[in-house]
Amino acid sequence: MAIFNLKNREIECKIVFYGPGRCGKTTNLEYIHKTFKKQVAGEMVSVNTEGDRTLYFDFLPMGLGKIKGCDVRVQLYTVPGQVQYRSTRKLVLMGVDAIVFVADSLEVRREKNMLSLKDLQDNLKEYNLSIFKIPLIMQYNKRDLAQQGMPLMTIDQMEHDLNRQLKAPSFEASALSGQGVGVTLKECLKLTLKSLQKQTKWA
């Protein structure tokens with residue numbers, strides 16, 4: 001839930017990048033950190049294992065400037081995707097305002113995507129949040145791997161597997177090159193601010 005400081009006219013909200021292990025959540029944040037220097041309000045903090053996977057979370061603060069007289073700050077988080085870190089994922093979701101679900105386009109990752117989405121739904125339920133109501137964006141990452149001859153799922157298949165009921169806005173992406181990262185973030189920020197306006201009657 002966003003922190004609203006009416007006295008100082010400040011709003012702070014939290015967006016979490018969720019998805020299975022090695023789907024590209026951290027790569028999304030690294031690209032944002034590198035590309036949106038003007039908006040990034042601090043250093044990206046990552047805690048990795050020796051194998052360079054996210055162990056706990058990545059954190060990246062951003063400032064969007066003044067909107068309707070309020071300073072809007074956004075905190076971007078990722079969760080560790082590996083199955084054994086369920087309790088950490090749940091912890092990182094505490095107070096979340098919006099989610100980017102990063103799905104891996106590789107065919108071999110199909111089941112991992114679906115399990116991760118179910119895990120997200122279950123963890124949100126524990127905070128009395130509905131996956132159908134929270135601002136949610138789907139990102140189908142690693143589309144560039146088709147050029148290397150890697151077998152990818154079609155977008156239609158991914159939409160059917162992951163988004164046929166949710167009907168969330170979805171984007172193709174290659175976080176490594178940055179393709180689709182900006183538009184994913186922009187749409188997520190739009191939905192987040194719209195939701196905050198509705199909840200708080202702000203602006």
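Which residue follows α2, and what is the sign of its phi? In this structure, which is a predicted model, α2 is followed by Gly95, and the phi of Gly95 is positive, near 80°. The helix before Gly95 is a convenient place to begin.

Helix α2 spans residues 86-93, and within the helix Thr88, Arg89, Val92 and Leu93 are buried. These four residues cover an arc of only 140° around the axis, which means that they are on the same side of α2. A general property of helices helps in reading this pattern: an α-helix has 3.6 residues a turn, so residues three or four places apart point the same way.

From this helix the reader can turn to the interior. In soluble globular proteins, nonpolar side chains tend to be buried together. The largest nonpolar core here has 28 residues, and the members that touch the most other members are Ile15, Phe17, Ile32, Leu60, Val74, Leu76 and Val100. At least two residues of this core are supplied by each of β2 (10-18), α1 (25-35), β4 (54-67), β5 (70-78), β6 (98-104) and α5 (181-200). The largest share, six residues, comes from α5. Leu60 gives a view of the surroundings of one such member: leaving aside neighbours within four places in sequence, Leu60 is in contact with Leu29, Ile32, His33, Val40, Gly42, Glu43, Met44, Val74, Gln75 and Leu76. Apart from this core lies another, of 24 residues, and among them are Leu117, Ile134, Tyr140 and Met158.

Helix α5 also holds Thr192, a residue that counts as buried because its relative accessible area is 2%, under the 20% that sets the limit for buried residues. If residues up to four places away in sequence are not counted, Thr192 touches Cys13, Ile15, Asp97, Ala98 and Pro135. Ile15, which is one of these contacts of Thr192, has already appeared among the core residues that touch the most other members.

The strands β4 and β5 bring us to the aromatic residues. The structure holds one aromatic pair, formed by Phe59 and Tyr77, whose rings are tilted, with 5.0 Å from centre to centre and 50° between the planes. Phe59 lies in strand β4 and Tyr77 in strand β5, 18 residues apart, and the pair thus links distant parts of the chain. Both partners fall on the buried side of the limit, for Phe59 has a relative accessibility of 19% and Tyr77 has a relative accessible area of 15%. Tyr77 has a further partner in Lys14, whose charged end sits over the ring of Tyr77, 4.7 Å from the centre of that ring.

Charged residues also meet one another, and a search of the whole structure finds 11 salt bridges. One of them joins the side chains of Glu10 and Arg73, at 3.5 Å from N to O. Glu10 lies in strand β2 and Arg73 in strand β5, so this pair ties together parts that are 63 residues apart in sequence. Glu10 is partly exposed, with a relative accessible area of 24%, and Arg73 is also partly exposed, with a value of 38%.

Asp104, by contrast, counts as buried, at 1% relative accessibility. The side chain of Asp104 meets that of Arg109 in a salt bridge of 3.5 Å, N to O, and the side chains of Lys142 and Asp104 form a salt bridge of 2.8 Å, N to O. Because Lys142 lies in the loop between β7 (136-141) and α4 (155-163) while Asp104 lies in strand β6, the pair of Lys142 and Asp104 ties together parts that are 38 residues apart in sequence. Both Lys142 and Asp104 are buried. Elsewhere in the list of charged residues, salt bridges that share partners join Arg86, Arg89, Lys90, Asp119 and Glu126 into one network.

Lys142 deserves a second look for its backbone, since its phi is positive, about 70°, although Lys142 is not a glycine. Lys167, too, has a positive phi, about 50°, and is not a glycine. Are these two lysines buried or exposed? Lys142, in the loop between β7 and α4, is buried, with a relative accessible area of 18%. Lys167 lies in the loop between α4 and β8 (170-172), and at 65% relative accessibility Lys167 counts as exposed.

Definitions and conventions
Residues are numbered from 1 along each chain as its sequence is written. Side-chain values use heavy atoms; hydrogens and water are left out. A nonpolar core is a set of buried Ala, Val, Leu, Ile, Met, Phe, Trp, Tyr and Cys residues joined through side-chain atoms within 4.5 Å. Buried means under 20% relative accessible area, exposed over 50%, partly exposed in between (1.4 Å probe, protein chains only). Contact means heavy atoms within 4.5 Å. Rings of Phe, Tyr and Trp (its six-membered ring) pair if their centres lie within 6.5 Å; planes under 30 degrees apart count as stacked, over 60 as edge-to-face and the rest as tilted. A charge sits over a ring if NZ of Lys or CZ of Arg is within 6 Å of the ring centre and within 35 degrees of the ring normal. A salt bridge is a side-chain nitrogen of Lys or Arg within 4 Å of a carboxyl oxygen of Asp or Glu. The arc is that of the directions from the helix axis to the C-beta atoms.
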